Amino acid sequence: MTTSRVTIKDVAARAGVSKGAVSLAFNHKPGLSEATRDRIFEAARELGWAPNLTARSLSSSRVDVVGLAICRPAQLLGLEPFYMEFISGVESVLTEHSCSLLLRLVRSVEEEVGLQDAWWRGKQVSGSILVDFRADDPRVPATEHLGLPVVAVGHPSLTGSLTSVWTDDATAVTEAVRYLAALGHRRVARVGGAAVLGHTSIRTAAFDEAVRVLQLAGGQQVATDFSGEAGARATRSLLSAAPPDRPTAIVYDNDIMAVAGLSVAAEMGLSVPGDVSLLAWDDSQLCRLTHPTLSAMSHDVQGFGADVARTLFGVITGEGPGSHPVPTPVLTPRGSTAPPR
């Protein structure tokens with residue numbers, strides 16, 4: 001069956017819904033459950049159908065809607081400053097072009113593959129921003145096959161032939177460990193993010209290498225889900241060790257976990273930075289509101305989002321800068337780091 005012969009009635013029959021439900025799904029109207037919406041998109045994908053009402057020339061360089069799917073729990077995404085600042089940066093560029101952002105939260109990378117396919121075949125987006133890459137990420141071959149214009153936010157080692165924009169995580173981690181070692185810390189630990197994420201793996205390897213090169217006695221790393229609760233548990237576990245095995249400095253993969261770690265240290269009767277120094281990744285307002293204020297790896301996250309959006313416009317129009325890194329996060333020492341006692 002060819003795409004031109006498939007109708008909305010065929011899609012409705014395949015999905016077991018009404019034609020009105022198919023229209024609601026493709027026009028992003030309320031009134032459908034996520035399961036029903038996904039079933040409709042799956043039926044349309046299987047039949048190769050796209051709604052004429054939203055169709056526009058695929059060869060046009062006009063950009064109306066940009067897609068962004070994030071595989072994070074809604075409650076965590078609402079608390080984490082990184083994505084709020086990143087999306088703000090993306091929106092600042094889209095607004096200049098009278099373009100909208102289509103944001104969806106997904107439960108898995110596999111679900112996102114189906115979503116991006118539905119967006120593109122349904123002509124709902126002109127391009128997409130892909131984030132949180134894994135090793136052997138299935139979105140790479142899927143988007144290459146679709147021909148969907150995308151910008152991948154991730155290191156080129158993770159993003160294949162896709163145009164990518166990335167931060168130099170390895171250099172930043174190395175700088176953080178060297179800074180703590182220069183203060184005199186010999187037992188440095190790290191509370192990292194989800195182990196499945198590519199940038200977590202890059203940071204993990206860089207941390208291990210820095211500890212080895214600097215001949216530090218510590219080097220323990222704990223993987224988490226980026227939440228404050230997980231950061232608190234990891235911190236409590238690390239600080240429960242008796243001296244001299246207890247780390248005198250901890251590096252966190254985000255600001256939420258670092259703030260949680262600060263609370264745990266106080267709960268355990270440990271002073272910061274007297275007993276333990278703490279350093280957060282991605283500086284934010286949170287880091288400057290704690291007492292003591294948190295040392296951090298400062299990064300212009302809003303500027304990062306804007307750069308990604310501009311790069312995507314370039315991919316769509318064929319006039320962009322191509323793959324490139326953004327400035328490496330810079331260490332900003334504050335009250336939470338000091339030489340060990």
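Which helices and strands each supply at least two residues of the lining of the largest cavity? The tour comes to that cavity after the sheet. The model is predicted, and residue numbers start from 1 along each chain.

**Stop 1: the sheet**

Select strands 2, 1, 3, 4, 5 and 11. In that order these six strands form an open sheet, and their pairing is parallel. Strand 2 and strand 11 (324-325) are at the edges with a single partner strand each, so one side of each has no neighbour in the sheet.

**Stop 2: strand 1**

Now select residues 65-70, which make up strand 1. Six of its six residues are buried. V65, G67 and A69 point one way from the strand, while V66, L68 and I70 point the other way. Both sets are buried.

Add residues 100-105, which are strand 2. Strand 2 runs parallel to strand 1, and six bridges join the two. Then add residues 127-130 for strand 3, which pairs with strand 1 in the parallel sense over three bridges.

G67 is a useful residue to centre on here. Opposite G67 in strand 2 stands L102, and in strand 3 the bridge partner of G67 is S128.

**Stop 3: strand 11 and helix 14**

Go to the edge of the sheet formed by strand 11. Strand 11 and strand 5 run parallel and are joined by two bridges. Select W166 together with P325 in strand 11, its bridge partner.

Next select residues 301-317, helix 14, which packs on the sheet. Helix 14 touches strand 1, strand 3, strand 4 (150-153), strand 5 and strand 11. The direction of helix 14 makes about 150 degrees with that of strand 4.

**Stop 4: the largest cavity**

How many cavities of 30 Å³ or more are there? The count is two. The largest has a volume of about 410 Å³.

To find the largest cavity, select F82, D132, T167, H199 and R203, which lie nearest its centre among the 29 residues of its lining. Then colour helix 5 (81-96), strand 5 (164-166) and helix 10 (198-213); each of these supplies at least two residues of the lining, which settles the opening question. Helix 10 gives the most, with four residues.

Colouring the lining of the largest cavity by class shows 14 nonpolar, seven polar and eight charged residues.

**Stop 5: the second largest cavity**

Select F26, F41, A44, R45, W49, A118, R121 and G122, the residues that line the second largest cavity. Helix 3 (34-47) and helix 6 (109-121) are the elements that give two or more residues to this lining. The largest share, three residues, comes from helix 3.

The volume of the second largest cavity is about 30 Å³. Its lining has five nonpolar, one polar and two charged residues.

**Stop 6: A181**

Finish in helix 9, residues 169-182, where A181 is found. Is A181 buried or exposed? A181 has a relative accessible area of 15%, and buried means under 20%, so A181 counts as buried.

Show the contacts of A181, leaving aside its neighbours within four places in sequence: A181 is in contact with L214 and L216. For a last distance, pick the C-alpha atoms of A181 and A210. These two residues are 29 residues apart in sequence and 9.8 Å apart in space.

Note on methods. Predicted model: local features only at pLDDT ≥ 70, side-chain atom pairs only at ≥ 80, totals over all residues. Heavy atoms only, no water. 1 Å grid on protein atoms, 1.4 Å probe; cavity = no way out; pocket = protein on both sides within 12 Å on 5 of 7 lines; lining within 4 Å. Points joined across faces, edges and corners; volume = space filled by probe spheres on them. Nonpolar A, V, L, I, M, F, W, Y, C, P; charged D, E, K, R; others polar. Buried < 20%, exposed > 50% of the residue type's maximum accessible area, 1.4 Å probe, protein only. Pairing = 2+ DSSP bridges. Contact = heavy atoms within 4.5 Å. Axes fitted to C-alpha atoms, helices over the stretch in contact; angles between N-to-C directions.
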